[in-house]
Amino acid sequence: MARVATAKKRRRFDPKTFLSIINGGRKIVAFPKKQPIFAQGNPSDAIFYIQKGKVKLSVVSKTGKEATLSILTEGDFFGEACLTGQPFRLCSAEALTDCSVMRVEKKTMIKVLHAEHELSDMFVAYLLIRNIRYEEDLVDQLFNSSEKRLARMLLMLAHFCKEGAPEIVIPKISQQTLAEMVGTTRPRISFFMSRFKKLGFINYDGGSALQVHGSLLNVILHD
């Protein structure tokens with residue numbers, strides 16, 4: 001019995017399973033590719049958890065210029081700023097692929113975080129890791145070339161920076177979206193993608209999912 005109890009205690013906490021059994025205040029929503037999940041300026045009243053698919057976060061300036069902030073995938077949260085009292089969304093969220101997303105109302109999420117320490121600890125750790133990621137993005141933007149920034153972005157989208165096997169094949173993503181994320185122009189992205197393909201770092205035909213190889217790390221490591 002002691003061994004069973006220890007095994008249960010050490011079992012990794014699964015937020016997807018836990019959130020799915022909350023009584024009330026949450027629902028599963030399916031979003032087809034390119035459908036908005038929420039828009040910049042909408043009321044900030046819920047947090048979202050991605051069960052399947054990829055979600056793009058973007059922001060539009062007063063002059064109409066759009067910037068892609070992040071591409072999120074299965075196991076990621078977004079919209080968490082509502083928990084800090086933010087009344088309106090500061091960015092937009094759109095399904096980059098067909099998605100299954102769990103929507104948890106703000107009041108419900110706050111209540112659960114206070115009551116369930118395992119979820120609270122996991123959620124805080126997640127936010128800290130993502131904050132570090134944003135700091136790394138800023139350093140990358142300030143000090144690295146656009147070619148290295150693109151290589152890093154592709155490796156991150158392929159999950160080369162996470163535990164477990166990498167997701168070598170990335171669903172179709174436009175060069176314009178990559179340009180917004182990297183902070184350069186679409187023609188420059190096209191040039192670098194062609195270069196990466198010739199060097200054997202990626203398999204890419206411009207119109208379908210692309211395949212990323214670990215050798216792309218050479219672009220980042222090479223001075």
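1. Salt-bridge network. In this predicted model, R133, E136, D137, D140 and R152 are linked in a network of salt bridges. The points below take its pairs in turn, then move to the rest of the chain.

2. The pair within α4. R133 and D137 form a salt bridge, with their closest N and O atoms 3.0 Å apart. Both residues sit in helix α4, which spans residues 117-143. They are 4 residues apart, about one turn of the helix. Both R133 and D137 are buried.

3. The pair between helices. R152 and D140 also meet through their side chains, at 3.6 Å from N to O. R152 belongs to helix α5 (residues 146-157) and D140 to helix α4, so this salt bridge ties together parts that are 12 residues apart in sequence. R152 has a relative accessible area of 14% and D140 one of 7%. The cut-off for buried is under 20%, so R152 counts as buried, and so does D140.

4. A long-range pair. The count for the model is 7 salt bridges. One of them joins D45 to R103, with the closest N and O atoms 3.2 Å apart. This pair links distant parts of the chain, 58 residues apart. D45 lies in the loop between β2 and β3 (46-52), while R103 is in strand β8 (residues 99-105). D45 is partly exposed, at 39% relative accessibility.

5. The sheet. Four strands make an open sheet in the order β2-β7-β4-β5, with antiparallel pairing. Which strands stand at the edges? They are β2 (36-38) and β5 (66-72). Each has a single partner strand, so one side of each is left without a neighbour in the sheet. From one strand to the next, the twist averages 30 degrees.

6. The β4-β5 pairing. Strand β4 covers residues 55-60 and pairs with β5 over 6 bridges, in the antiparallel sense. V55 has L72 of β5 as its bridge partner. Strands of a sheet pair through backbone hydrogen bonds, either parallel or antiparallel.

7. Cysteines. How many disulfides does a search of the whole structure find? The count is 0. Two cysteines deserve a look for their accessibility. C82 is buried, at a relative accessible area of 0%. C99 is likewise buried, at 6% relative accessibility.

How values were computed. Residues numbered from 1 in each chain as written. Predicted model: local features only at pLDDT ≥ 70, side-chain atom pairs only at ≥ 80, totals over all residues. Heavy atoms only, no water. Disulfide = S-S within 2.5 Å. Buried < 20%, exposed > 50% of the residue type's maximum accessible area, 1.4 Å probe, protein only. Pairing = 2+ DSSP bridges. Helix = DSSP H or I, 4+ residues; strand = E, 2+ residues; numbered from the N terminus. Axes fitted to C-alpha atoms, helices over the stretch in contact; angles between N-to-C directions. Salt bridge = Lys/Arg side-chain N within 4 Å of Asp/Glu carboxyl O.
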